[in-house]
Amino acid sequence: MSNIQNKIVIITGASSGIGEATAKELASKGAKLVLAARREDRLKSLQEEVQKNGGQAVYKVTDVTSHEQMEELAAYALKEFGQIDVLVNNAGIMPQAFLFKKKIEEWDQMIDVNIRGVLYAIGAVLPSMRERKSGHIINLSSVAGHNIYPGGTVYCGTKHAVRAISEGLRQEEAMSGTNIRVTNISPGAVSSELLETTSDTEMKAGLDDFYQVAVDAPNIARTIAFAIEQPADVAINEMIVRPTAQVG
């Protein structure tokens with residue numbers, strides 16, 4: 001029996017890309033899912049697909065940039081299933097442009113989704129996990145959280161922040177003896193809707209070319225499943241997963 005069997009898993013950004021693929025992968029291994037994203041039609045369709053294949057899933061329309069909505073999501077998971085075993089902190093956006101172009105609205109959006117959203121999700125699930133002395137928080141950073149490149153300055157900053165938050169959380173929970181595991185996963189180029197969040201035409205053209213080597217989202221979903229499947233006393237703290245042909 002998989003160590004994922006019957007685990008209650010919240011997935012943010014579940015309506016597409018890595019989130020959607022992760023939902024399907026974990027459901028196939030017996031997890032009970034709480035799907036969260038802003039697009040209800042996508043969530044409903046995913047829930048129906050999971051259920052059609054014999055899995056269990058509920059969903060709640062959620063904006064991760066709202067602290068209140070993230071608290072409501074955690075409360076909903078507890079009401080439906082009684083506990084939260086895993087958080088897959090996946091929601092994120094990737095608009096790219098040189099700083100001199102002053103795309104301030106995009107800066108704010110990235111900070112809100114990629115940093116505040118991650119923190120709000122962690123804050124929402126930690127109390128119940130600490131009470132049970134059990135849980136697993138998986139944060140999706142990026143190769144951009146390890147490297148910095150022109151045009152991706154703000155995005156890289158947000159993903160470096162996710163890595164720092166992950167490591168800080170890991171240390172805090174390890175020293176507190178709560179048995180909460182923390183995993184930071186940094187994907188390279190992955191085929192998803194992330195590219196569509198870049199409005200700058202010059203950067204978009206470069207990204208389209210770079211992403212010719214991109215792997216499909218199910219590859220990252222299997223990585224997430226691998227981290228969850230480890231015994232409770234083993235924590236996979238960090239993984240970088242690139243396409244074999246990706247240089248940077």
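**Exercise 1.** In this predicted model, compare the reach of helix H4 with the span expected at 1.5 Å a residue, then locate its kink.

*Solution.*
Step 1. H4 covers residues 104-132, which makes 29 residues.
Step 2. From the first C-alpha of H4 to the last, the helix reaches 41 Å, close to the expected 42 Å.
Step 3. H4 has a kink of about 40° at Leu-126. The proline Pro-127 comes shortly after that point.
Step 4. Past the end of the helix, Lys-133 follows H4 and has a positive phi, near 55°.

**Exercise 2.** Determine which elements build the largest nonpolar core, and which of them gives the largest share.

*Solution.*
Step 1. The largest nonpolar core holds 42 residues.
Step 2. The residues with the most contacts inside this core are Ile-10, Val-34, Ile-84, Ile-122, Val-125, Ile-137 and Tyr-211.
Step 3. Two or more residues of the core come from each of S1, strand S2 (32-37), helix H3 (67-81), H4, H5 and S6.
Step 4. H4 gives the largest share, 10 residues.
Step 5. As background, nonpolar side chains in soluble globular proteins tend to be buried together.

**Exercise 3.** Find how many cavities of 30 Å³ or more the whole structure has, and describe the lining of the largest cavity.

*Solution.*
Step 1. The search of the whole structure gives one cavity of 30 Å³ or more.
Step 2. The volume of the largest cavity is about 80 Å³.
Step 3. Its lining consists of 14 residues, and those closest to the centre are Pro-95, Gln-96, Ala-97, Trp-107 and Met-110.
Step 4. Sorted by class, the lining has eight nonpolar, three polar and three charged residues.
Step 5. At least two lining residues come from H4, and at least two from helix H5 (153-176).

**Exercise 4.** For Asn-6 and Asn-179, give the phi value and the place in the chain, then decide for each whether the residue is buried, partly exposed or exposed.

*Solution.*
Step 1. Most residues other than glycine have a negative phi.
Step 2. Asn-6, which is not a glycine, has a positive phi near 70°. Asn-6 sits in the segment before strand S1 (8-12).
Step 3. Asn-179 is not a glycine either, and its phi is positive at about 65°. Asn-179 belongs to the loop between H5 and strand S6 (180-187).
Step 4. The cut-offs are under 20% relative accessible area for buried and over 50% for exposed, with partly exposed in between.
Step 5. With a relative accessible area of 42%, Asn-6 is therefore partly exposed.
Step 6. The relative accessibility of Asn-179 is 53%, so Asn-179 counts as exposed.

Technical notes:
Residues are numbered from 1 along each chain as its sequence is written. Side-chain values use heavy atoms; hydrogens and water are left out. Helices (H or I, at least four residues) and strands (E, at least two) are DSSP runs, numbered from the N terminus. The expected span of a helix is 1.5 Å times one less than its number of residues. The bend at a residue is the angle between axes fitted to the seven residues ending there and the seven starting there. On a 1 Å grid over the protein atoms alone, a cavity is a set of points where a 1.4 Å probe fits but cannot get out, and a pocket is an open set with protein on both sides within 12 Å along at least five of seven lines; lining residues have an atom within 4 Å of a point. Grid points are joined across faces, edges and corners, and a volume is the space filled by probe spheres set on the points. Ala, Val, Leu, Ile, Met, Phe, Trp, Tyr, Cys and Pro count as nonpolar, Asp, Glu, Lys and Arg as charged, and the others, Gly among them, as polar. Buried means under 20% relative accessible area, exposed over 50%, partly exposed in between (1.4 Å probe, protein chains only). A nonpolar core is a set of buried Ala, Val, Leu, Ile, Met, Phe, Trp, Tyr and Cys residues joined through side-chain atoms within 4.5 Å.
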